[in-house]
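Visitor: Before we begin, could you show me the structure, so that I can ask how each term is justified?

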Amino acid sequence: MELPAFAAWILILAGVWSLVVWPQFLKRVMKDPRARDSAGKATRFLTVHVVLVSISMVLGAATAVIGVMGLLR
């Protein structure tokens with residue numbers, strides 16, 4: 001299957017967006033008072049958000065790679 005250049009660029013843009021935005025979101029989550037309990041241990045709030053950010057970044061990287069591969073073919 002060939003990917004039109006326009007679609008490849010959209011995938012690259014979406015992937016880069018995810019890789020730029022999600023780490024900034026995680027920084028804010030980690031500063032949130034709900035992220036740690038009184039003993040300093042990570043709460044479920046933090047754990048869930050770390051998992052969500054991790055999955056989103058992996059999907060963002062995969063999206064960008066697919067876009068680049070589409071441009072190179």
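Guide: Please keep in mind that this is a predicted model. A good place to start is L71, which sits in helix α2.

Visitor: Why is L71 called partly exposed?

Guide: The relative accessibility of L71 is 31%, and since partly exposed covers the range between the limits of 20% and 50%, L71 counts as partly exposed.

Visitor: What makes the nonpolar surface patch, and which helix gives the largest share?

Guide: The patch, with an area of about 420 Å², is made by W9, V68, L71 and L72, and its largest share, three residues, comes from α2. A residue needs over 30% relative accessible area to be part of a patch, and L71, at 31%, satisfies that condition.

Visitor: How do you know that the span of α2 agrees with what a helix should have?

Guide: Helix α2 runs over residues 44–72, which is 29 residues, and at 1.5 Å a residue these should span 42 Å; because the end C-alpha atoms are 42 Å apart, the two values agree.

Visitor: How does α1 fare when its reach is set against the expected value?

Guide: Helix α1 has 27 residues, for which 39 Å is expected at 1.5 Å a residue, and the distance from its first C-alpha to its last is 40 Å, which is close to that value.

Visitor: Which residues of the two helices are buried, and what covers them?

Guide: In α1 the buried residues are A8, I12, G15, S18, L26 and V29, and they pack against α2. In α2 the buried residues include L46, H49, V53 and S56, and what covers the buried residues of this helix includes α1.

Visitor: What makes D32 and R34 a salt bridge?

Guide: The closest N and O atoms of D32 and R34 are 2.8 Å apart, and because a salt bridge requires such atoms within 4 Å, the pair qualifies. A search of the whole structure finds one salt bridge.

Visitor: Are the two partners of that salt bridge, D32 and R34, buried or exposed?

Guide: D32 has a relative accessible area of 18%, and as buried means under 20%, D32 is buried. R34, at 52%, passes the limit of over 50% and therefore counts as exposed.

Visitor: Which residues does F45 contact, and how far is F45 from R34?

Guide: Leaving aside neighbours within four places in sequence, F45, which is found in helix α2, is in contact with V29, D32, R34 and A35. F45 and R34 are 11 residues apart in sequence, while their C-alpha atoms are 6.6 Å apart in space. With a relative accessible area of 21%, F45 lies above the 20% limit for buried and is therefore partly exposed.

Visitor: Why is the aromatic pair of W22 and F25 called edge-to-face?

Guide: A search of the whole structure finds one aromatic pair. In this pair, W22 and F25 have ring centres 5.5 Å apart and planes at 90 degrees; because centres within 6.5 Å make a pair and planes over 60 degrees apart count as edge-to-face, the name applies. W22 and F25 are three residues apart in helix α1, which means that about one helical turn separates them.

Visitor: What does F25 touch farther along the sequence?

Guide: Not counting residues up to four places away in sequence, F25 touches H49 and V53. F25 itself is partly exposed, because its relative accessible area of 27% falls between 20% and 50%.

Key. Residues numbered from 1 in each chain as written. Predicted model: local features only at pLDDT ≥ 70, side-chain atom pairs only at ≥ 80, totals over all residues. Heavy atoms only, no water. Expected span 1.5 Å × (residues − 1). Buried < 20%, exposed > 50% of the residue type's maximum accessible area, 1.4 Å probe, protein only. Contact = heavy atoms within 4.5 Å. Patch = residues over 30% accessible without salt bridge, like charges linked within 9 Å, V, L, I, M, F, W, Y side chains within 5 Å. Areas by Shrake-Rupley, 256 points an atom, 1.4 Å probe, with all protein chains shown as cover. Salt bridge = Lys/Arg side-chain N within 4 Å of Asp/Glu carboxyl O. Phe/Tyr/Trp six-rings, centres within 6.5 Å; stacked < 30°, edge-to-face > 60°.
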